[in-house]
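Hi,

Here is the structure I promised to pass on. Have a look at it first, and my notes follow underneath.

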Amino acid sequence: MIHPLEQLRDNALREVGDAGDEKSLEAVRVKYLGKNGSISAWGEQMKTLAKEEKPVVGKLLNEVRAAVTAAVESRSAQFRAQKESEALTKIDISLPGVSGYSGYAGYTGFSTPLTGYSGYASLERGSLHPLTQMLERSIEIFRRMGFALADGPDIEDEWHCFDALNTPPEHPARNEQDTFYLPDGRLLRTHTSTVQIRAMQAAPPPIRVIAPGAAYRRDELDATHSPQFHQIEGLYVDENVSVADLKGALEFFFRELLGSDTAVQFRPHFFPFTEPSLEVYVKSKALKGGERWIEVAGSGVVHPAVFEQVNKARGDKAYDPEKWSGYAFGLGMDRLAMILFDIPDIRLFAQNDLRFLRQFA
Amino acid sequence: MKFSVNWLREFVDLPKAPEEIADLFNRAGVETKNIEARGAKIDKVIVSQITSSSRHPNADRLTVCEVYDGSETKRQIVCGATNYKVGDKVPLALPGAKLPNGTEIRKSKLRGIESEGMLCSPIELGLGEDASGLLILSPDAKIGASISDLVPVDTILDVEITPNRGDLLSHFGLSREIAALSGKKLKSMPPEAKIEIKKSGVTIAATRECPFFSGRKIGKLKVGPSPQWLRAKIESVGIRSINNIVDISNFVMLELGQPTHAFDADKLKGSINVRLAREGEKFLALDGKTYSLKPDNLVVADQERAVGIAGIMGGEETGVTDSTKNILLESAYFLPASVRSTARELSLPSDASYRFERGLDPEMVLRASQRATELIHELAGGTQAKEIGAAGKLPANPADVSLSYEKCDRIVGISIKPKTIDEILEGFGLTKSKGTSKSGTWKIPSYRRDLQRDVDLIEEVVRAYGADKIPGTDRSRVMPSSAADRSHDIESTLRERLVARGLSEVRTSKLISRNASAFSENAIGLRNPLTEEHVALRPRLLSGLIGVLEGNVRAGAERVALFELGRVFVPPDAREERRAGFLVWGKSVSDPHWRASDQRRLDFFDLKGVVESIFPEELSFQRIAHPNLSIAAEIYAKKRVIGIAGQLSTLALKIDAPGGVFVAELSLDLPIQGLGSRATFREFGKFPAITRDIAMVVPEDLVHEKIWEVIFHPMEPLLERVEFFDLFSGAEVGEGKKSLAYRLTYRAKNRTLTNEEVSVAHAKIRERLKRELRVTLRE
């Protein structure tokens with residue numbers, strides 16, 4: 001059985017929906033929620049109810065009042081938005097934009113592109129985000145070293161993110177706890193190393209690419225950790241690529257970036273997809289906080305098991321580990337930007353406060 | 001993981017300075033995160049015994065203790081801790097003592113009660129991070145003795161062991177590695193287990209997950225507190241002392257890497273069976289929690305129930321207690337993958353599982369059992385069984401690995417003498433079984449299961465030889481530019497143009513909160529978000545830009561003009577697409593300036609100009625309706641929709657932003673492909689131009705686009721360019737009308753124009769406007 005209050009609610013909601021303008025909506029509001037409105041009247045009626053009924057009806061009354069109030073508010077918002085839009089319909093959006101196109105002769109309708117702009121100078125100077133500046137500087141150096149760019153998706157499958165990189169499910173380094181998953185089972189790449197695999201799938205050796213991009217880890221946001229961060233991945237596969245070549249390349253890069261007196265150190269480490277694996281540390285006067293070793297990259301010689309996985313996926317023997325070898329590296333760009341620009345907190349990057357951004361204009 | 005330098009020195013000689021040790025570790029690939037000095041001399045802190053304890057009359061959280069410090073009179077101390085009982089021995093800081101954290105102890109009154117010193121927690125004495133209660137000392141500590149005598153001077157190194165090196169997770173294992181890298185000899189080896197193995201008392205039902213299991217009975221022992229040396233050792237690396245049996249088990253794990261477990265033998269019902277759990281089998285673990293198990297979880301069971309989750313944690317019911325008399329000491333080899341998946345499934349990582357899942361040395365299983373048995377006999381007086389009950393087979397030694405010296409040189413990039421390579425590998429415990437001048441076949445020791453192929457051996461050579469001794473080489477190769485290069489360059493050009501127009505680039509998070517703001521509707525959610533702020537993938541750039549606007553307006557900005565280039569994830573399948581987003585709001589200049597009298601506010605046409613300026617082809621803006629926009633337009637390039645633009649509805653904003661907020665978002669995937677393409681030269685006239693203005697009054701709803709079309713169709717050959725330069729409405733124009741003004745420029749390619757020629761052309765256009773649009777021309 002429907003309680004009379006529920007009936008009242010249904011009627012009110014219908015009338016709110018039917019109200020054609022603000023005036024009639026206000027009338028509906030007064031009718032139900034006004035001082036003498038029919039829902040308000042139930043407050044008085046409550047007093048006459050039996051003791052055991054009171055809490056039940058009281059709860060229902062609150063729910064009904066909330067539902068109708070919300071409906072009135074959202075309908076009213078709709079009217080306000082409508083009114084706002086109506087007031088703005090008089091604006092002719094086909095008028096020329098400020099410093100947009102100018103009507104040059106040769107105009108023959110929309111099919112021919114125009115190439116001139118009218119003059120109306122901006123008094124402001126804009127700014128490039130510091131992370132972009134860091135990426136651009138790095139990319140420029142790598143390009144001078146003969147690297148082409150490569151790209152891959154942020155949303156990846158487990159094979160590209162783990163298995164192909166010699167990290168099978170039982171591997172202790174395969175940490176699903178730190179990985180964001182989508183409902184369909186795909187994941188957000190935890191490193192840009194996935195692009196190594198994609199680049200090798202797409203083309204046979206030799207290959208020499210860098211891939212700037214975002215990666216994700218299930219970390220709490222604090223001054224030094226962010227669930228989304230930025231890397232530049234590098235991969236070079238050719239005949240006889242060695243540890244010495246890797247060292248030479250990264251030494252060159254960091255000296256270009258941080259100054260010719262930068263010291264670069266390689267320390268043995270472990271990554272499943274490289275063997276040998278080396279962590280890269282730099283020490284430079286260009287960095288605030290004195291001369292100390294700062295970890296800036298992971299690197300190593302591509303593990304033959306990675307080549308074998310790629311061959312399997314390609315269905316050929318293009319990456320024969322006996323014929324080809326390669327090095328790979330991953331640089332943490334947020335960290336590099338932080339140490340180079342002396343930025344104390346990684347959260348500043350995503351906050352985009354103009355007082356921050358314009359310091360780097 | 002924490003290592004005690006004193007303990008390591010029992011096995012291998014180390015440099016004196018902790019920094020030098022850390023440096024040695026670095027070379028080995030073991031990163032030192034922290035170096036901590038322990039047991040620095042602290043004066044006037046002594047061993048005391050609590051003889052009574054009562055509630056503080058004026059404070060609920062405090063107690064008043066009487067302590068015996070070896071002198072004639074007992075001392076009264078006010079104490080805030082609750083973890084002690086009367087009779088416990090605890091450190092007492094006497095008045096005048098200066099603690100490592102700088103606190104000076106004085107006689108004082110606490111809430112009206114005299115306190116003659118302070119009872120100390122571990123953190124107050126610089127002995128670890130435990131601040132939860134008093135440091136309870138061993139019962140055999142001598143009352144009145146200085147605390148410095150109890151805590152030996154030591155250095156604790158907190159180091160990171162990479163997941164491939166399970167063999168380094170013990171003091172012996174790390175010492176063995178240091179010995180190999182520094183060319184030193186190991187001082188001692190763990191005991192050999194010379195004991196008869198009896199195939200009884202244990203059965204293994206899950207032989208894949210548990211290749212080998214052993215249990216040794218030790219009887220008539222006495223459970224009690226551990227001696228001071230044992231407590232100090234395990235506590236120095238952060239393990240709490242429980243009782244002598246549990247402490248010995250932990251000690252052996254820290255020393256040799258092999259976890260063992262002691263069951264109370266009298267509580268076991270029948271012999272041990274190692275099997276997979278039954279679906280939903282309940283298990284009460286030593287941490288006091290009950291776990292519901294699944295059939296892929298390996299358990300150690302007796303004939304009735306599970307008594308341990310294999311390799312992870314023992315059971316509460318069969319744990320060692322003060323009344324335990326007989327134990328069964330487990331030492332086993334479990335499949336790393338099985339331990340790992342169970343520990344993760346149950347969210348129950350332990351010191352034991354950490355080691356098991358990284359792969360242990362099969363040869364250490366019985367040695368560890370022997371070492372623990374000997375210690376138990378020595379410290380708890382047990383008598384061990386002559387034989388050990390076991391089942392299964394320990395995994396065979398790793399397969400031999402061949403290495404060609406030439407390949408080693410090729411991968412390293414320099415030439416290393418075969419003799420040097422051989423010496424390095426022998427140093428790591430490998431033995432050459434076959435060898436020629438070109439290559440060698442190497443026997444791998446049982447604890448180095450990570451050495452599986454030639455590159456693994458090459459890494460050992462690099463580590464021992466020293467990466468710093470390999471000179472970097474210059475090596476280059478040129479690559480043709482790729483599609484990614486081209487789109488990167490296009491975006492760089494866009495950024496330059498937008499910055500030149502006074503816009504600031506932002507980079508907002510691709511992870512957003514659910515319904516962060518308008519334009520985040522239908523965002524694809526993450527299955528396992530960690531925090532509220534990052535639960536979904538942005539479906540558009542605009543939600544982020546609106547957030548940035550709100551933050552900046554709150555911070556007092558007067559002009560916000562932003563753009564972002566980046567990826568979005570388009571519902572419903574999260575297709576990745578590159579977009580450009582724009583937002584302009586506020587004054588046309590950020591700050592007052594003596595040359596900038598213009599206080600005009602940015603509006604839709606500023607936004608439109610920005611959008612137009614970055615695209616090579618002409619765009620058209622067509623009105624649509626949009627729930628979040630009070631002016632809404634679709635942007636067309638040729639006949640394709642490439643984005644939207646408009647004015648934000650005030651309902652879509654959480655802040656008050658007077659004057660309107662203007663936004664646009666466009667796809668970068670296709671329309672910009674032509675950007676940067678070569679423009680071709682068009683001749684500009686050498687002869688003078690003549691300009692004529694047309695001013696007209698038109699109905700309010702007649703749009704510029706229409707007038708534009710009429711002016712240009714058909715094209716007057718002498719017309720060079722047209723500019724729209726004035727718009728107004730009001731009483732003088734009349735209700736429902738507006739006034740527009742255009743400037744037309746005429747020029748001929750090959751001669752000076754005459755006024756007459758221009759008047760003829762101009763008149764044609766004026767006529768067309770009157771005829772086709774019925775405008776009223778103003779003179």
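**Around A:Asp245**

Leaving aside residues up to four places away in sequence, A:Asp245 touches A:Asn240, A:Tyr327, B:Thr473 and B:Arg475. Keep in mind that this is a predicted model.

So where does A:Asp245 sit in chain A? Its place is in helix 8 of that chain. The residue has a relative accessible area of 7%, and because the cut-off for buried is under 20%, A:Asp245 counts as buried. One of its neighbours across the interface is also a polar partner: the side chains of A:Asp245 and B:Thr473 make a polar contact at 2.6 Å.

**The A–B interface**

Now for the wider picture. On the chain A side, 128 residues are in contact with chain B, and on the chain B side 129 residues are in contact with chain A. The size of an interface is often given as the accessible area that is lost when the parts come together. Here the buried area between chain A and chain B comes to about 10,700 Å², with carbon and sulfur atoms giving 53% of that.

How many salt bridges does the rule find across the interface of chain A and chain B? There are eleven. If you want one to pull up on screen, try A:Asp238 with B:Arg477, whose side chains meet in a salt bridge with an N to O distance of 2.7 Å. As for polar contacts, the count between the two chains is 60 residue pairs, with both residues at pLDDT 80 or more.

Helix 8 of chain A, residues 243–258, turns up again here: with seven residues, this helix gives the largest share of the side of chain A that touches chain B. By residue type, that side of chain A divides into 62 nonpolar, 35 polar and 31 charged residues.

**Chain B as a whole**

Chain B has 17 helices and 40 strands. Its radius of gyration is 41 Å, whereas the globule rule gives 28 Å for 779 residues; the value for chain B is well over that, so the chain is more spread out than a compact globule. Along its principal axes, the C-alpha trace of chain B spans about 125 × 85 × 55 Å.

What percentage of the 779 residues of chain B count as buried? The figure is 55%. Looking at the contacts in chain B with a separation of 6 or more, 67% are between residues 24 or more positions apart.

That's what I have for now. Shout if anything is unclear.

Cheers

Notes
Residues are numbered from 1 along each chain as its sequence is written. Chains are lettered from A and ligands numbered from 1 in the order in which they are written. This is a predicted model: local features need pLDDT of at least 70, side-chain atom pairs count only at pLDDT 80 or more; totals for chains, interfaces and linings use all residues. Side-chain values use heavy atoms; hydrogens and water are left out. Contact means heavy atoms within 4.5 Å. Buried area is the accessible area (1.4 Å probe) that two parts lose on being put together, summed over both. A salt bridge is a side-chain nitrogen of Lys or Arg within 4 Å of a carboxyl oxygen of Asp or Glu. A polar contact is a pair of N or O atoms within 3.5 Å; within protein, one must be able to donate a hydrogen and the other to accept it, and residues adjacent in sequence count only if both atoms are side-chain atoms. Helices (H or I, at least four residues) and strands (E, at least two) are DSSP runs, numbered from the N terminus. Ala, Val, Leu, Ile, Met, Phe, Trp, Tyr, Cys and Pro count as nonpolar, Asp, Glu, Lys and Arg as charged, and the others, Gly among them, as polar. The radius of gyration is taken over C-alpha atoms; the globule rule is 2.2 Å times the number of residues to the power 0.38. Buried means under 20% relative accessible area, exposed over 50%, partly exposed in between (1.4 Å probe, protein chains only).
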